Amino acid sequence: MPSPALLIVIPLIVAGFLEGFRKLIPRWLADLVSVLTGLNNFVLASAWTIHALARTQVYWFGDWYPRGHMALGIGFVMDGAGCAVAALTGLLATLSLLYSWKYAEHGGGHYHPLMLVFLGAMSGFAVTGDLFNMFVFFELMSTAAFALCGLKTQEPAPLAGAFNFAVTNTVAAFMMLTGIGMLYSTTGALNLAQIGLLLTGRHDRLVLAAFVFLMTGFLVKAAAVPFHFWLPDAHAVAPTSVCVLFSGIMVPFGLFGAMRVYATVFQGSFAPTQVHWLFVGSGAVTALWGGMMCFAEHHVKRMLAFSTISHTGLMTLAFGLWSKDALTGLFLYLVAHGLIKAALFFTAGILLHRFRTISEPALFGRGKALPWTAVLWMLGGLGLAAAPGFALYAGEARVTSRAPWTEGIFLIAGVLTGGAVIRVGLRVFYGIGDRGPTDKSAEVDETPETDADSQRIPWFLFFPPLLCIGTAVALTFWPAFTNAAYSSAVRFLDFRSYAHAVYASATAMKMLTAAKEPLEPDLLFGLLRAGLAAGLAVWAVQHLKVPRRLRWPSHLEGSMDPVRSLQSGHPGDYVAWLTVGFAILGAAAFWLGI
Amino acid sequence: MLADFPYYIAAWIFLCGLYGIVRSRHLVHTVICLTILQSSTYVLLLAIGFRAGGYAPVFAGISPGVVTVDPVVQSLMLTDIVVETTVVALLLAMVVKAFEKGGTTSPDDLRFMRG
C-alpha cells in the first residue's frame, strides 16, 4: 500500500503549486488538477479502508517506533472508521470541486488551493493517532475553512459570517490546546494510546478539567447547542461547494474528534455509563433545537445549516449511547447524512445559479421549469426524514434498536428537518399554497456565484447531487457497508485493541470476525416518519385552507422571533454563549460524578 | 503555592481575553483580545515545561544528565504561535475588507445575518 502520508502530502503540494502559479495557470487546468487530486484522495482512502478493515494499520513517520511504552514519533492509526471518513471527505471534495467547474467564481485563484488544504487537513485529522497532531490538523482545517467562508469579499455579509465563525472556533481551539497542555503536564505524553494507558483508572480534577476543555473544543466544531451560533452564519454566506464540505463532513468531524479522544484517552478514566447523560442530553437538546430553528427558517441555505445542527445532535446522542449498535448506526448515519446534505446544498446551489436568489419567498413558484431538480430536492427531503430506502434510515434503526426511547427524538428531528425541506420544495418547485412568512435572514440575499448569462444547468451542476442521492440509496442495499460499519464500531469502542495496534501493530483477529447480529428494521416506523414530514410540509403551505386554530405548523414556521433573536450575529454574544456552554458542560460533568 | 502562580496567571489572561471579546465594540479590538486569550496558552505551556534550575534545551555542549526545561512544550508553543499568526492575519484582512465594503468596524453594524 502507498504511504498514508500521501493523503495529506499530495493535496498540500498541489495546493502550494496552484497558489504559487495562480497567475499563470488557466482556470480549466486548476479545475482539472484539483478534481484529480480529490479523486486521488478518495481512491487512496478507499483502498486504505479495505486494507484497514482486515487489520488496523499503524504508520510511524520516519520509522520512529515506540520504545517500550514511550511513543517517540508521530503515528497514523489507520482503522476502519478513520479511513472511511477520510474516503467520504475525498468523495465530497471531488464532487464539490467538480460542481464549481468553470463557472463558479474562484476568489482570485485562491479557491482551489484553499479547498485542497482543507481536504488534506481533514484527511490527516481523520487518521492521526497523536493528540497535538490532531490539534494542528484541526487548526489547519479551520483556518482554510475561515478563508473559504469569506471568499466572496465583494459583500460585507460574508465577511461578517466568516469573522464570527473564525472568532468562535479559534476560542474553542485554544480551549482544546489548554486541555492538551493539562494532559501533557500529568502524563508527559502526546500519543493518544500512551495517554490512555497512563490515565487508565485515574480519576481526579485535572483529568476532569482536561476532559471539559477538550470536549468544549470539539463540540464547538460539532455545533452542539449552545455552541452552534456560528454555523448558520457561516453556511449562509459561504459558496455552495464550500457549504457541502462544511455540513457534510467538517461539522461531523468535530464529533468524530470528540469520539476518538474519548475512546482512547478518557475511556479508562470515565466509564461510558458516567458520560452517557452528558452526550445524550446535549445531543437531544441540539437535535430538537436545530429541528425547530430549521422549520422556522426561510433562507434556504440557513435552513439546511440548522438541519445539520439537528442531525449532528442526533449523532451526538448516538455517541452518548456508546454501544456497538449505536456506533454502527452512527457511522452509517454520518456517511448517509453527509451524502444527502451534500445533495441538498448542491440543489440549492442550482436554484441560486438559475434564479439568482436563495430566499424561499422570492423563489415561490419559480422552480416549475426545473422538474428534475425538483425530484432531487424532494428525494433529499425524504432522505433527511430518514424514509425507508435511504441509508439514514438504516443508521437510525441501528441506533434506536437498543434504546427505543430515543425513537421519539429521532422522529421529531427527522419530521421537522425533512418537513422543512419538503415545504420549500412544494413552494418553490410546485408553487403550492402562498409565499409564506418572511424573515430578516431571508431578506439578506446572496450574491450569485456564477455568470448571469448562463441560464442552462450544465451536467456538472446536476451530476454531483444525483450521485450523492444515488449513493445514499444504494448503500442500504449493500450489506458489506453495514458489516464494515459494524466491525469499525466494534474496534472504535475497544481501547485495548487500539492500544495493541499502536504498540504491536496488530489487532486481535477475533475482534474483526465478530458476527453482526441481524436486525429487522421497523419499516412501518420509517414510513410513518416520512409521511409525517410530508404531511407537516403540506399542512404548512396550505395553512390558509384550514381553520385558524388548526394552523399551528404556520406558527411553528412564522412566530419564532423570540428564540430566533438569540441568533444575534454579534461575535461577542456567540463567545458569551460559548462560555455559558463551557460552564454548563463543566457543571454537568462535575454533578454527574465523572 | 508559588509554583502554581503561573497557572493562575494563565487563567487570568484567558479570562481577560474572553471578557474583551464578549464586550468588544470594535473588530480590531476583538482580534487583539483573541491574541490576549491565546497568550494564556503560552504561559500555561511554558509553566508546564519549567524545571527549577533547568538549562535551555540546547543539547550541544552540555553533558548528558544535565537538567533542562522540557523542549516538547516549547515546540508546541512554537506551533501555537504559527497557528495564531495565521488566524490573526486572516482576521485582520477580513476587518480591512469589511471596512472597505461596509464602511464600519463595529460588530453591531455588521450584523447582516440575524434570526
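This passage walks through the overall build of chain A, its contact with chain B, its nonpolar core and one of its helices. The model is a predicted one.

Chain A is mostly a story of helices: there are 26 of them, alongside two strands. How compact is chain A for a globular protein of 594 residues? Its radius of gyration comes out at 23 Å, close to the 25 Å expected from the globule rule, so chain A is as compact as a globular protein of that length. Measured out along the principal axes, the box filled by its C-alpha atoms is roughly 70 × 60 × 45 Å. Burial is common, with 63% of the 594 residues counting as buried. The chain also folds back on itself from far along the sequence: take the contacts between residues at least 6 apart, and 83% of them turn out to join residues at least 24 apart.

Next comes the partner chain. On the chain A side, 43 residues are in contact with 36 residues of chain B. Which elements of chain A give two or more residues to that side? They are α5 (131–149), α6 (156–187), α9 (230–237), α18 (440–443) and α26 (571–591). The biggest giver is α6(A), with 17 residues. Sorted by class, the side of chain A that touches chain B holds 21 nonpolar, 16 polar and six charged residues.

Now for the inside. In soluble globular proteins, nonpolar side chains tend to be buried together. Here, the largest nonpolar core has 254 residues, and those with the most contacts inside it are A:Phe118, A:Met141, A:Leu148 and A:Ala336. Helix α13 (residues 324–355) of chain A supplies the largest share of this core, 20 residues. Setting aside neighbours within four places in sequence, A:Ala336 is in contact with A:Phe390, A:Ala391, A:Leu392, A:Gly395, A:Ala472 and A:Leu475.

One of those contacts, A:Ala472, is also a buried residue of helix α19(A). This helix covers residues 459–474, and at 1.5 Å a residue its 16 residues should span 22 Å; the end C-alpha atoms sit 21 Å apart, which agrees. Along with A:Ala472, the buried residues of α19(A) are A:Leu461, A:Pro464, A:Pro465, A:Cys468 and A:Ile469. Looking down the helix axis, these buried residues fall within an arc of 120 degrees, so they line one face of α19(A). What covers them? Among the elements doing that job are α3 (80–99), α13, α15 (371–384) and α16 (391–401) of chain A.

Terms used: Residues numbered from 1 in each chain as written. Chains lettered and ligands numbered in written order. Predicted model: local features only at pLDDT ≥ 70, side-chain atom pairs only at ≥ 80, totals over all residues. Helix = DSSP H or I, 4+ residues; strand = E, 2+ residues; numbered from the N terminus. Rg over C-alpha atoms; globule rule 2.2 N^0.38 Å. Buried ≥ 20, exposed ≤ 12 C-beta atoms within 10 Å, placed from the backbone. Contact = placed C-beta atoms within 7 Å. Nonpolar A, V, L, I, M, F, W, Y, C, P; charged D, E, K, R; others polar. Core = buried A, V, L, I, M, F, W, Y, C linked by C-beta atoms within 7 Å. Expected span 1.5 Å × (residues − 1). Arc of directions from axis to C-beta.
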